[in-house]
Each structure stands twice: as C-alpha cells, then as structure tokens.
Amino acid sequence: FHSMTPFDAIGGEKLEQLVDTFYSHVSRHPDLSPIFPSDLTETARKQKQFLTQYLGGPSLYTEEHGHPMLRARHMPFDITPKRAAAWLSCMQRAMDEVGLNGELRTFIFERLTLTAHHMVNTPDEAG
Ligand code: HEM
C-alpha cells in the first residue's frame, strides 16, 4: 500500500465494516460496555469519521466536530491499562473477522496501539 494512503488501501466500505464489528465486541466486553453508551450508533459514526482522517482520508471528523483532541475527549472516562488492552483486543477480533491482514493490518494496529496507550489516564486499581 506504499503509494497510497492507508485509507485508500483499506477502502471506505471495509473501514465501516471494521468499525461496526469492533463496536459489536465493545458492547459485549465486560470491561468496556459499562463506560460506553448502550446505543453505539453515534459513537460508531464518529469513529468512522475519525479513522477515515487518521488513516489519511478526508478530514470528516474535524469538519463536523473540530480538532479531535482525543486524549481530552477521553478524560471524562477512566481509561485504565486494562481497558486499553480490552479496546485493542476488540479491534484485533474485528480485524480477524473482516479479513484485514498483512502489512496493512500490522501498520494500522501498531498505530492504534500507540494511540490507545496515549489515552490511558487512570491506573488499573482505580478503574
Ligand atoms: C469516544 C473509550 C481508545 C477514538 C470514546 C468514548 C469512550 C471511549 C467511552 C465515548 C463514547 C460516546 O460517548 O459516544 C475508549 C477506551 C479506549 C479508547 C476505553 C482504550 C484505550 C480510543 C482510540 C481511538 C479512539 C485508540 C482512536 C484511534 C475515539 C473517538 C471517539 C471516542 C473518535 C468519539 C469522540 C467524540 O465524542 O467526538 N472512547 N476509547 N478511542 N473514542 Fe475512544
């Protein structure tokens, strides 16, 4: 995928499938579901916008919501190391299920891992 953006390489349709599959796991994960809304429609819509721009596609998130300031937007929630690991495990399962493999998967997952760790704002014992 070196001559195109990661967004072009994954494609808008597969990115949407990935996000929907991811939140179906989040909604059933015991460490994550308590801090998410029960209706994840709007959360998934924003995450599709965010990941589109994060992967080099059009700036859909910023156009509607302004600067992402992701860490600040996560401050209302206790993001523990355990929850970061759970978030990433839901993403890995979603990647398995939509068939996102190879170096594109590795590249995207490594970036998400760094971002997830950056979101941590609470030690495990307090979450
Ligand atoms: C919103 C949890 C990591 C991107 C949220 C919300 C929660 C949450 C509870 C609010 C949902 C809502 O009210 O609709 C977590 C946890 C993480 C994590 C536990 C574990 C580390 C990430 C990562 C990214 C991300 C790695 C991006 C790659 C977003 C976006 C929103 C969001 C774009 C929507 C912000 C908005 O309201 O505009 N997250 N998150 N999150 N998260 Fe995360």
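User: Which helices each supply at least two residues of the shell around the ligand?

Analyst: Four elements do so: α3 (41-54), α5 (70-74), α6 (81-98) and α7 (102-119). This is a predicted model.

User: What gives the most to that shell?

Analyst: Helix α3 does, with six residues.

User: How do you know that a residue belongs around the ligand?

Analyst: Its C-beta atom, placed from the backbone, must lie within 6 Å of the ligand. Here 23 residues surround the ligand. The closest are Thr-43, Phe-50, Ala-84, Trp-87 and Ala-116.

User: How do the residues of the shell divide into nonpolar, polar and charged?

Analyst: The shell holds 14 nonpolar residues, five polar and four charged. Phe, Ala and Trp count as nonpolar.

User: How many helices and strands does the protein have?

Analyst: It has seven helices and zero strands. From the N terminus on, the order reads α-α-α-α-α-α-α.

User: Why does the radius of gyration agree with a compact globule?

Analyst: With 127 residues, such a globule would have a radius of gyration near 14 Å. The protein has 14 Å, so the two agree. Its C-alpha atoms fill a box of roughly 45 × 30 × 25 Å, along the principal axes.

User: What makes a residue buried, and what share of the protein counts as buried?

Analyst: A buried residue has 20 or more other C-beta atoms within 10 Å of its own. Of the 127 residues, 16% count as buried.

User: What share of the contacts with a separation of 6 or more comes from residues 24 or more positions apart?

Analyst: Such pairs account for 75% of those contacts.

Key: Residues numbered from 1 in each chain as written. Predicted model: local features only at pLDDT ≥ 70, side-chain atom pairs only at ≥ 80, totals over all residues. Rg over C-alpha atoms; globule rule 2.2 N^0.38 Å. Buried ≥ 20, exposed ≤ 12 C-beta atoms within 10 Å, placed from the backbone. Contact = placed C-beta atoms within 7 Å.
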